[in-house]
Amino acid sequence: MSTLRNDHWSQQNQSLSRPMAWIGVVLLAVLVAVGLARWSGLDPRTPDAAVQWQRALNFSDLPGGDIAVLDANTHETVARFSGEQGFLRSTLRALARERHREKIGAEAPLMLMGRTDGRLTLLDPTTQQRIDLESFGPTNAAVFAGLRLAGLDTSAR
């Protein structure tokens with residue numbers, strides 16, 4: 001028979017059980033609150049601002065690794081990107097991956113939209129996938145913002 005006393009161990013367990021019980025109660029309350037919010041249909045996203053302008057664009061890979069940007073209405077090349085263009089390529093690749101997954105061709109244009117609150121969105125109308133470009137910082141959004149008037153004759157306006 002052991003002559004060691006277990007008083008120390010039982011006191012330590014009792015001192016830990018009260019905070020653990022409170023942590024459990026708080027976690028349960030958070031889960032209930034989230035469940036009620038989801039069940040009630042609460043949407044945490046803010047609604048999109050109205051579209052101020054939009055432009056339908058097609059993007060195509062060129063020999064040598066360049067990317068051509070074509071106006072979907074006139075089929076004229078409005079811009080050409082050379083070099084790495086990491087953000088542009090990764091954005092287009094994400095949208096193309098979704099089209100490929102749904103077995104949709106690359107013919108349909110992408111919609112570049114400017115909103116009244118200054119936000120910029122790239123939308124694929126065929127898959128309803130969208131990329132809010134301002135989320136990636138002003139430098140990355142500027143790559144697409146330059147396509148708003150690219151290739152258009154602005155002197156006639």
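These are my notebook entries on the fold, the sheet, the helices and the largest pocket of one predicted model.

**Entry 1: the chain as a whole**

I began with the overall count, and the chain has three helices and six strands. I then followed the sequence from start to end and wrote down the pattern α-β-β-β-α-β-β-β-α. Next I looked up burial: of the 157 residues in the chain, 27% are buried. I also checked contacts with a separation of 6 or more, and 46% of these join residues 24 or more positions apart.

**Entry 2: the sheet**

In what order do the strands of the open sheet lie? I read the order as β3-β2-β1-β4-β5-β6, six strands with antiparallel pairing. At the edges I found β3 (77-81) and β6 (129-132), each of which pairs on one side only. I looked up the turn between neighbouring strands as well, and it is 25 degrees on average, with direction ignored. As a reminder to myself, strands of a sheet pair through backbone hydrogen bonds, either parallel or antiparallel.

I then took one pair on its own. β1 and β4 (residues 110-115) run antiparallel and are joined by six bridges. Within this part of the sheet I noted that Ala56 stands opposite Met111 in β4.

**Entry 3: helices on the sheet**

Which strands does α2 lie across? I listed β1, β2 (67-71), β3, β4, β5 (120-124) and β6. The angle of α2 to β5 is about 30 degrees. Helix α3 (residues 138-145) also packs on the sheet, and I found that α3 touches β1, β3, β4 and β5. The direction of α3 makes about 60 degrees with that of β5.

**Entry 4: the largest pocket**

I looked up the volume of the largest pocket and wrote down about 340 Å³. The lining has 18 residues, and the closest to the centre are Phe59, Leu92, Arg93, Ala96 and Ala106.

Which element gives the most to this lining? I found that α2 does, with six residues. Both β1 (51-61) and α2 (86-101) supply at least two residues of the lining. So that strand and that helix turn up again here: β1 is bridged to β4, and α2 lies across β1.

Last, I sorted the lining by residue type. Ten residues are nonpolar, three are polar and five are charged.

Methods:
Residues numbered from 1 in each chain as written. Predicted model: local features only at pLDDT ≥ 70, side-chain atom pairs only at ≥ 80, totals over all residues. Heavy atoms only, no water. 1 Å grid on protein atoms, 1.4 Å probe; cavity = no way out; pocket = protein on both sides within 12 Å on 5 of 7 lines; lining within 4 Å. Points joined across faces, edges and corners; volume = space filled by probe spheres on them. Helix = DSSP H or I, 4+ residues; strand = E, 2+ residues; numbered from the N terminus. Nonpolar A, V, L, I, M, F, W, Y, C, P; charged D, E, K, R; others polar. Pairing = 2+ DSSP bridges. Axes fitted to C-alpha atoms, helices over the stretch in contact; angles between N-to-C directions. Contact = heavy atoms within 4.5 Å. Buried < 20%, exposed > 50% of the residue type's maximum accessible area, 1.4 Å probe, protein only.
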